[in-house]
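Thank you all for coming; I would like to walk you slowly through one structure today, going from the whole chain down to a handful of single residues. Please keep the picture in view while I talk.

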Amino acid sequence: MGEMKKRYLGTNLKMYKTIEETKVYLQRLRELTEDLPQELLELFVIPSYTTLEAARQVTKGSRVKLGAQNMCWEKEGQFTGEISPLMLKEVGVDIVEIGHSERRHIFGESDQEENRKVKAALEYDFTPLLCVGETLEQRNYRISDETLSTQLKVAFHGLDRNEAGKVWVAYEPVWAIGINGIPASVEYVSARHRHMRKVLVELFGEDTGSRIPILYGGSVNLENAVGLIRIPWVDGLFIGRSAWDAENFNKIIRRVLEC
Ligand code: PGA
């Protein structure tokens, strides 16, 4: 039997769940996953800002890592509506999600902004979870790989190998995400992950480039999780809707760990 690979499994709760609902969810997830081997699973939840304080209390001393859905690159200033790295430090998050497709496409964030956020997250010792992915239009023009190369190259710009090695990447094709998302085929996901791995190795060398985890996200569910995690270039799954019920998330986690 080959060496067991560490799996990265997490969920972004988007703009769902109140403080009370988040507490109940996390408490249940904590109980359900307590027995799972620590070294084989990196488990994380990214709830909304207003729940973070309460979420920290519920997850304290547990294996569940906590993330924020976005962050400003400045530590303070005249940036109404933004949340600073210092504020996230204070509340105690581990991960900062950067450039989710909804941030890029609904709120118009650019690759340059994601780069500033990645750098700020590293400066404050958070794990940046950088999300990348092509739109349906880009896929139809057959420029998915080019799009991913650009997003990765700009977001990682100016990082040395040591810094790059601390980043996690989530590949989420925009057309595969959410209620209207069309699940991507295993072949398609495999080809894109392989390409992204190549780009990261080109940028940072074999050692670092092959170590940066690349997660897959977009309509992941109990049925397709196994097929996706078996792709050699997929290090984990970043799940939306199917993970928002703790019992179902736990089922997915256990299936993946059995692979
Ligand atoms: P989904 O969301 O699993 O509900 O498609 C994925 C995401 O947006 O990260």
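Of the 259 residues of the protein chain, 55% count as buried, where buried means under 20% relative accessible area, exposed means over 50%, and partly exposed lies in between, with a 1.4 Å probe and protein chains only. This is a predicted model, in which local features need pLDDT of at least 70 and side-chain atom pairs count only at pLDDT 80 or more, while totals for chains, interfaces and linings use all residues. Residues are numbered from 1 along each chain as its sequence is written, and side-chain values use heavy atoms, with hydrogens and water left out.

Staying with the whole chain, a compact globule of 259 residues would have a radius of gyration near 18 Å, and the 17 Å of the protein chain agrees with that; the radius is taken over C-alpha atoms, and the globule rule is 2.2 Å times the number of residues to the power 0.38. Along the principal axes, the C-alpha atoms fill a box of roughly 50 × 45 × 35 Å. The secondary structure comes to 11 helices and 8 strands, which are DSSP runs numbered from the N terminus, with H or I over at least four residues for helices and E over at least two for strands. If we take the contacts between residues at least 6 apart in sequence, 70% of them join residues at least 24 apart, a contact being heavy atoms within 4.5 Å.

Let me turn to the region around helix α1. Thr 22 has its place in helix α1, residues 19–33, and counts as buried because its relative accessibility is 1%. Leaving aside neighbours within four places in sequence, Thr 22 is in contact with Leu 13, Lys 17, Pro 47 and Thr 51. One of these partners, Lys 17, sits in the loop between β1 (7–12) and α1, and has a positive phi of about 75° although it is not a glycine. For background, most residues other than glycine have a negative phi. Lys 17 counts as partly exposed, at 25% relative accessibility.

A second positive phi, of about 60°, belongs to Arg 142, again not a glycine, in the loop between α6 (136–140) and α7. Is Arg 142 buried or exposed? At 73% relative accessibility, Arg 142 counts as exposed.

Ser 144, by contrast, is buried, with a relative accessible area of 5%, and is found in helix α7, residues 144–155. Setting aside neighbours within four places in sequence, Ser 144 touches Glu 134, Gln 138, Arg 139, Tyr 188 and Arg 192. In helix α9, residues 186–209, we find His 195, which is buried at a relative accessible area of 13%. Not counting residues up to four places away in sequence, His 195 touches Asp 145, Leu 148 and Ser 149.

My last topic is the cysteines. How many disulfides does the structure hold? The structure holds 0 disulfides, a disulfide being a pair of cysteine sulfur atoms within 2.5 Å. For Cys 72, which is in no disulfide, the nearest cysteine sulfur is that of Cys 131, 18 Å away. Cys 72 counts as buried because its relative accessibility is 5%, whereas Cys 259, at 26%, counts as partly exposed.
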